[in-house]
Structure formats: structure tokens, C-alpha cells
Amino acid sequence: MKILFLMFFISVIHAWKPISLEKDMSKLFGVWYVNAWTGNVDIPEDKRHQKIPPFTVRLLSNGKLEAKLNLKKYGRCEEIKLTLEKTKEPGKMTTWGRQLVGLLSIYLEDQKIVYIESRMNGKNVIMMLLAGRNKVAHPEALKIFTEFVRSKGQDETKIIIPGLEGNKDGFSNFS
């Protein structure tokens with residue numbers, strides 16, 4: 001039994017690894033869906049399960065990445081853009097100069113874990129999300145994400161599986 005537990009523990013530890021931004025960056029381009037998320041941010045209960053539109057990642061001419069999505073705010077469309085700059089650490093980028101964004105690959109090719117650390121109003125903020133090329137996460141990816149959330153000291157019971165916003169092809173109607 002101890003050996004079985006050890007094998008499981010080792011497989012979970014090695015289930016995710018930093019994305020090599022030098023050789024694997026092009027695998028990040030395109031449309032991604034938020035399959036699950038959690039964090040220690042205070043979000044009102046009525047907003048926690050709101051539909052989340054897909055986001056698009058593309059390469060900018062200056063070599064940085066841009067993540068973009070459109071949100072409805074006060075009945076209008078608001079475009080949100082994040083510019084991500086590589087750091088010297090594998091799989092880590094920064095946005096707005098101070099937020100650390102970790103990009104982790106798992107063995108399921110079309111699923112990634114995004115880990116965001118920041119400081120807002122004197123409080124350490126942690127956000128984690130499971131992003132996928134499909135609207136629904138692979139069950140094994142959700143297990144790996146749950147283990148990752150636990151490994152970061154967060155409560156896995158607070159993982160949210162959001163609704164999806166967009167038309168039948170998955171793209172938001174307010175581009």
C-alpha cells in the first residue's frame with residue numbers, strides 16, 4: 001500500500017511542468033476556454049458562477065504575448081487585454097509589471113494550468129485556472145488541477161466550473 005501511494009504521489013508531482021516559452025510558445029496561440037478556476041479573491045457569490053467567454057492568445061510584434069477577452073459590463077462589451085512578458089524563469093511571465101503568471105503544461109496536450117500571483121490592496125492574491133482548447137475539461141485534467149490547487153495550499157472544494165459564454169462556435173458575440 002505504501003508503494004502504491006508513493007507511485008501515485010510521484011505521478012501527481014510530475015503531472016505538471018513549466019511551459020518552455022522558448023520552444024513551446026506557439027502552442028499557446030489561439031482560443032482557450034476557462035474549464036475551472038479558483039483563488040483567494042473576494043468575488044460576490046452571484047458573480048462566482050457567471051459565464052466566462054473564451055480568451056485568445058497571440059504573439060505581438062515585440063515578442064510579448066497578448067491574452068484578450070471580451071466581457072459584458074453594464075450591458076456593453078468591454079475588451080480586456082493583458083500583455084505578458086517572459087521572465088528568465090521557465091514558464092513564468094509578468095503582466096502589468098508586477099503580477100507573476102505561471103504557465104504549466106500537463107500531459108493532456110490541449111489543457112494548461114495558469115497560476116497568477118499578485119499583491120492587491122496589501123493582500124497576496126492567488127488565482128489558478130485550468131484552460132483548455134475544448135469547452136469542457138477532460139476529467140483527468142480536472143483531477144490534476146485539483147491536485148495542483150491542493151499543492152498550493154488552496155481549498156479544492158472552492159474550485160468553480162464556470163458556464164461558457166459565446167455562440168455555437170465558441171466565440172463571443174461581442175468582438
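This section describes an aromatic pair, the surroundings of one buried phenylalanine and the two largest pockets in a predicted model.

A search of the whole structure finds one aromatic pair. The pair is formed by Tyr115 and Phe148, whose rings are arranged edge-to-face, with 5.7 Å from centre to centre and 90 degrees between the planes. Because Tyr115 belongs to strand β8 (residues 111–120) and Phe148 to helix α3 (residues 139–151), the pair ties together parts that are 33 residues apart in sequence. Tyr115 and Phe148 are both buried. Tyr115 also has a charged neighbour, in that Lys152 lies over the face of its ring, at 4.5 Å from the ring centre.

A further aromatic residue, Phe55, lies in strand β3, which spans residues 55–59. The relative accessible area of Phe55 is 14%, and because this value falls under 20%, Phe55 is classed as buried. When residues up to four places away in sequence are not counted, Phe55 touches Gly30, Val31, Trp32 and Val34, together with Lys68, Leu69 and Ala131. Ala67 is twelve residues from Phe55 along the chain, yet the C-alpha atoms of these two residues are separated by 6.6 Å.

The largest pocket has a volume of about 1,700 Å³. Its lining comprises 43 residues, and those nearest the centre of the pocket are Ile52, Leu69, Leu71, Ile80 and Met127; Leu69, named here, is also one of the residues that Phe55 touches. At least two residues of this lining are supplied by each of the strands β2 (30–39), β3, β4 (65–73), β5 (76–86), β7 (99–106), β8 and β9 (123–132), and likewise by helix α2 (45–48). Strand β4 provides the largest share, with seven residues. By residue class, the lining of the largest pocket divides into 29 nonpolar, four polar and ten charged residues.

The second largest pocket holds about 210 Å³ of space. It is lined by 13 residues, of which Lys17, Ile19, Asp24, Lys27 and Ser105 are the closest to its centre. The elements that contribute two or more residues to this lining are β1 (16–18) and β7, and β7 is also among the elements that supply at least two residues to the lining of the largest pocket. The lining of the second largest pocket consists of five nonpolar, two polar and six charged residues.

Key:
Residues are numbered from 1 along each chain as its sequence is written. This is a predicted model: local features need pLDDT of at least 70, side-chain atom pairs count only at pLDDT 80 or more; totals for chains, interfaces and linings use all residues. Side-chain values use heavy atoms; hydrogens and water are left out. Rings of Phe, Tyr and Trp (its six-membered ring) pair if their centres lie within 6.5 Å; planes under 30 degrees apart count as stacked, over 60 as edge-to-face and the rest as tilted. Helices (H or I, at least four residues) and strands (E, at least two) are DSSP runs, numbered from the N terminus. Buried means under 20% relative accessible area, exposed over 50%, partly exposed in between (1.4 Å probe, protein chains only). A charge sits over a ring if NZ of Lys or CZ of Arg is within 6 Å of the ring centre and within 35 degrees of the ring normal. Contact means heavy atoms within 4.5 Å. On a 1 Å grid over the protein atoms alone, a cavity is a set of points where a 1.4 Å probe fits but cannot get out, and a pocket is an open set with protein on both sides within 12 Å along at least five of seven lines; lining residues have an atom within 4 Å of a point. Grid points are joined across faces, edges and corners, and a volume is the space filled by probe spheres set on the points. Ala, Val, Leu, Ile, Met, Phe, Trp, Tyr, Cys and Pro count as nonpolar, Asp, Glu, Lys and Arg as charged, and the others, Gly among them, as polar.
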